[in-house]
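Grab a pencil and work through these exercises with the model open beside you. Try each task on your own before you read the solution.

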Amino acid sequence: MEQREYATRQLSFFYCGEINENTPELIQSLMRGLVSSRMWACSPPVFVDATDEVEPNNQYGDLPVRNLGGTLTIYAANKGLLPLDLDERTLDDVIALVESVLKFSAEHLMEFEFYLDHAFVGIISDGHMDASLEKGLIDEWRQHLVAMKYKTNA
């Protein structure tokens, strides 16, 4: 049977705060736990520790920014081309990632920003998810799946 390829997107989260010597190991331990926690629809999340370079002598005096967090590759539900069951599994992956970061954030009193590709989609801070992540990403996706199931059964 031919394996069909679907478009993918990147759901990333990055720590927002002062990075000390323990921060990378803490976040890396979160990622190790996530990787082994389930069978991921597309691929397991990966640990990210990268520094964005800036132009030397830029007019704003910007300094390099260290991005510390993780990235989950997810299937993109473009124009209904993604099978419903795979779309549901992808949402389950997103929820598993967000819930793990939520718990981790509460335990360590940390804040994380989430991005879908490069677009900001929300924040988790000290164990609390903001409305844009909860309602704008997760709840909207759930509503889309309900509508697709209804359409399929109609």
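## Exercise 1: Build the sheet

This is a predicted model, so treat every value below as computed from it.

**Task.** Start at one end of the sheet: how many bridges join strand β5 (residues 119-125) to β6, and which way do the two strands run? Then work out the strand order of the whole sheet.

**Solution.**

Step 1. Two bridges link β5 (residues 119-125) with β6, and the two run antiparallel. To see one of them, find Ser-125: its bridge partner in β6 is His-128.

Step 2. Now move on to β4 and β5. These two pair in the antiparallel sense over six bridges. Look for Leu-116, which stands opposite Ala-119 in β5. The two strands form a hairpin with two residues between them, and Asp-117 in the turn has a positive phi of about 55°.

Step 3. Next comes β1. It pairs with strand β4 (residues 111-116) in the antiparallel sense, over five bridges. Two pairs help you line them up: Tyr-15 stands opposite Phe-112 in β4, and the bridge partner of Phe-14 in β4 is Glu-113.

Step 4. Cross over to the other neighbour of β1. Strand β1 (residues 8-15) and strand β3 (residues 65-75) pair over seven bridges, again in the antiparallel sense. Here Phe-14 stands opposite Gly-69 in β3.

Step 5. Put it together. The six strands form an open sheet in the order β2-β3-β1-β4-β5-β6, with antiparallel pairing. The edge strands are β2 (46-52) and β6 (128-129), each of which pairs on one side only.

## Exercise 2: Place the helices

**Task.** Which strands does α2 touch as it packs on the sheet? And how do α1 and α2 cross?

**Solution.**

Step 1. Get the overall count. The protein chain has three helices and six strands. From the N terminus on, its elements run β-α-β-β-α-β-β-β-α.

Step 2. Go back to the edge strands for a moment: β2 (46-52) and β6 (128-129) each pair on one side only. Helix α2 packs on this sheet, touching β1, β3, β4, β5 and β6, and its direction makes about 150° with that of β3. Helix α3 (residues 131-153) packs on the sheet too, touching β1, β3, β4, β5 and β6; its direction makes about 120° with that of β5.

Step 3. What do you need to describe a helix pair? Two packed helices are described by the angle between their axes and the distance between the axes.

Step 4. Apply that. The axes of helix α1 (residues 23-35) and α2 come within 11 Å and cross at roughly 145°. The crossing of α1 past α2 is right-handed.

Step 5. See who does the touching. On the α1 side you'll find Leu-26, Ile-27, Leu-30 and Leu-34; on the α2 side, Ala-96, Leu-97, Ser-100, Val-101, Phe-104 and His-108. Sort these contact residues and you get eight nonpolar, two polar and no charged.

## Exercise 3: Buried or partly exposed?

**Task.** Sort three residues: is Ser-105 buried or exposed, is Asn-67 buried or exposed, and what is the relative accessible area of Gly-17?

**Solution.**

Step 1. Recall the cut-off: buried means under 20% relative accessible area, and exposed means over 50%.

Step 2. Ser-105 lies in helix α2 (residues 84-108). Its relative accessible area is 0%, so Ser-105 is buried. Leaving out residues up to four places away in sequence, Ser-105 touches Met-110, Phe-112, Ile-124, Ser-125, Asp-126 and Gly-127. With Gly-127 you can be more precise: its backbone nitrogen lies 2.9 Å from a polar atom of the Ser-105 side chain.

Step 3. Asn-67 sits in strand β3. Its value is 16%, so Asn-67 is buried as well. Not counting neighbours within four places in sequence, Asn-67 is in contact with Phe-14, Val-48, Asp-49, Ala-50 and Asp-52.

Step 4. Gly-17 lies in the loop between β1 and α1. At 45%, Gly-17 is partly exposed. The C-alpha atoms of Gly-17 and Phe-112 are separated by 8.6 Å, though the two residues are 95 apart along the chain.

Step 5. Finish with the whole chain: buried residues make up 34% of its 154 residues.

Methods: Residues numbered from 1 in each chain as written. Predicted model: local features only at pLDDT ≥ 70, side-chain atom pairs only at ≥ 80, totals over all residues. Heavy atoms only, no water. Helix = DSSP H or I, 4+ residues; strand = E, 2+ residues; numbered from the N terminus. Buried < 20%, exposed > 50% of the residue type's maximum accessible area, 1.4 Å probe, protein only. Polar contact = N/O pair within 3.5 Å; in protein donor to acceptor, adjacent residues only side chain to side chain. Contact = heavy atoms within 4.5 Å. Axes fitted to C-alpha atoms, helices over the stretch in contact; angles between N-to-C directions. Left-handed = near helix turned anticlockwise from the far one by under 90°. Nonpolar A, V, L, I, M, F, W, Y, C, P; charged D, E, K, R; others polar. Pairing = 2+ DSSP bridges.
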